[in-house]
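Work through these short exercises with the structure open beside you. Try each task before you read its solution.

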Amino acid sequence: MPDAATSASTAPDIDLPDAACRALAEAADAVGEAARYASGLAFGARLPAVALTRGGRTRLGWRTLLRTLTDPAGLGWAPRGRGVARAGRLAGILAGRESLAISIAVCGLKARIRAASAGRPELFDDPGAAAVLAAVGAGRQAEAVRLFRAIMRERGAEHAFALLAPSFADILAWHALTDTNPFNDHAGWQVATGRAEPAEPVLGLGAAFWAFCDRGPGLPEGQAVTGAVPARGPARRRVTYRPPRPAPRPPAGGLSGRAAALRTHAFRLHAVAAAPEWHGPETEALRAEVARLAARCATAAGGLALAAAQLKPLQDQ
């Protein structure tokens, strides 16, 4: 682990507004919803049957939809939903295929972790916390989780949560979304998007679980994080619970509406990447990542819009 002097020099020089983190979470949610809707059409019963029997523009539209759902420059590997779509999603996870929705969600989690640590420079005086944040900054999510769990074993869960709250839930969610275990994605997605959804018993825990984990008292105001675990009583409770966002109303117009929604989010992400509040050398990598995700969001919107135009005769029936 780095010593205190090295840790202090690696403190992130970032001023990231909450609006940027919210824009990334909402974009991930919109991309996931669009992928789910497109998957329902592409892998459903009606469209494949009509495309294979009639051919013509319907078959062309179906192929466009399939390409859009598997385009590395757009949605990535994006099947979502039930049946064939679920099997395709699980196959993509096991094969290590990347999804745009997950990439945007992970980018938002990393931004939230960096924004939270930027307001607490004392974290970089603690070797354990500094090592966790350095792993986050370098994109090593598995190492960040391992170091966080080491703090829990060595100092206790209450101290670890108080030390890194509210980032601990974001770190665990990031790990859940990027590991090869498909059964913890649900919980990670809830934390990343702030969406309150009931979790299936086998597939993960709801976002309320993460709030429950942070019920203990936080560090007193002004106390160094390198000291002993604070005593109960005068310690100030650290409020880290984020109210869940209500489920967004699905855009009208089928594929066309979802293409328009993705185009809007692409513009928002481009604005986030160009925001003057972002500064510092470490921020440039995050800014470039958001710009790349915005471009992919626009590419996905174009694919959905083209498929919608080609399938319009079928949708009008």
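**Exercise 1. Place His-186 and decide: is it buried, partly exposed or exposed?**

Step 1. Find the element. His-186 lies in helix 11.

Step 2. Read the accessibility. The relative value for His-186 is 23%.

Step 3. Apply the cut-offs. Buried means under 20%, and exposed means over 50%. His-186 therefore counts as partly exposed.

Step 4. Look along the chain. Ala-176 is 10 residues away from His-186 in sequence, and their C-alpha atoms are separated by 8.5 Å.

**Exercise 2. Find out how far the model can be trusted, and where.**

Step 1. Note what kind of model this is. The structure is predicted.

Step 2. Take the chain as a whole. The mean pLDDT of the protein chain is 75. A value of 70 or more is reached by 72% of its residues.

Step 3. Compare the elements. Helix 13 (residues 254–273) has the highest mean pLDDT, 93. The lowest, 36, belongs to helix 1 (residues 4–9).

Step 4. Mark the weak stretches. Residues 1–16 have pLDDT below 50, yet the model gives this stretch 37 contacts beyond near neighbours in sequence. Residues 197–241 also stay under 50, with 76 contacts beyond four places in sequence.

Step 5. Draw the lesson. Where pLDDT is low, the predicted coordinates should not be read in detail.

**Exercise 3. Describe the overall make-up of the protein chain.**

Step 1. Count the elements. The protein chain has 15 helices and zero strands.

Step 2. Check burial. The chain has 317 residues, and 47% of them count as buried.

Step 3. Check how far apart contacting residues are in sequence. Take the contacts with a separation of 6 or more. Of these, 69% join residues 24 or more positions apart.

**Exercise 4. Describe how helix 2 meets helix 11.**

Step 1. Get the geometry. The axes of helix 2 (residues 18–42) and helix 11 (residues 185–193) come within 8 Å. They cross at roughly 135°.

Step 2. Name the arrangement. An angle over 145 degrees would count as roughly antiparallel, and 65 to 115 as roughly perpendicular. The crossing angle makes helix 2 oblique to helix 11.

Step 3. List the partners. Helix 2 brings Ala-25, Ala-28 and Asp-29. Helix 11 brings Trp-189, Ala-192 and Thr-193.

Step 4. Sort the residues of this contact. Four are nonpolar, one is polar and one is charged.

**Exercise 5. Which polar partners does the side chain of Asp-126 have?**

Step 1. Locate the residue. Asp-126 sits in the loop between helix 6 (100–118) and helix 7 (127–137).

Step 2. Check its burial. Asp-126 has a relative accessible area of 1%, so it is buried.

Step 3. Find the side-chain partner. The side chains of Asp-126 and Arg-155 make a polar contact at 2.7 Å.

Step 4. Find the backbone partner. A polar atom of the Asp-126 side chain lies 3.0 Å from the backbone nitrogen of Gly-128.

Step 5. Visit another residue of this loop. Phe-124 also sits between helix 6 and helix 7. Phe-124 is buried, with a relative accessible area of 4%. Its C-alpha atom is 9.4 Å from that of Ala-134, 10 residues apart along the chain.

**Exercise 6. Is Lys-110 buried or exposed, and what does it touch?**

Step 1. Locate it. Lys-110 is in helix 6.

Step 2. Test it against the cut-off. The relative accessibility of Lys-110 is 16%, so Lys-110 counts as buried.

Step 3. Name the contacts. Leave aside neighbours within four places in sequence. Lys-110 then touches Val-136, Trp-174 and Glu-289.

**Exercise 7. Do the same for Leu-47.**

Step 1. Locate it. Leu-47 belongs to helix 3 (residues 46–54).

Step 2. Test it. Leu-47 counts as buried, because its relative accessibility is 6%.

Step 3. Look along the chain. Thr-58 is 11 residues from Leu-47 in sequence, and 8.0 Å away from C-alpha to C-alpha.

Methods:
Residues are numbered from 1 along each chain as its sequence is written. This is a predicted model: local features need pLDDT of at least 70, side-chain atom pairs count only at pLDDT 80 or more; totals for chains, interfaces and linings use all residues. Side-chain values use heavy atoms; hydrogens and water are left out. pLDDT is the predictor's confidence in each residue, from 0 to 100. Helices (H or I, at least four residues) and strands (E, at least two) are DSSP runs, numbered from the N terminus. Contact means heavy atoms within 4.5 Å. Axes are lines fitted to C-alpha atoms, for helices over the stretch in contact, and angles run from 0 to 180 degrees between N-to-C directions. Angles under 35 degrees count as roughly parallel, over 145 as roughly antiparallel, 65 to 115 as roughly perpendicular and the rest as oblique. Ala, Val, Leu, Ile, Met, Phe, Trp, Tyr, Cys and Pro count as nonpolar, Asp, Glu, Lys and Arg as charged, and the others, Gly among them, as polar. Buried means under 20% relative accessible area, exposed over 50%, partly exposed in between (1.4 Å probe, protein chains only). A polar contact is a pair of N or O atoms within 3.5 Å; within protein, one must be able to donate a hydrogen and the other to accept it, and residues adjacent in sequence count only if both atoms are side-chain atoms.
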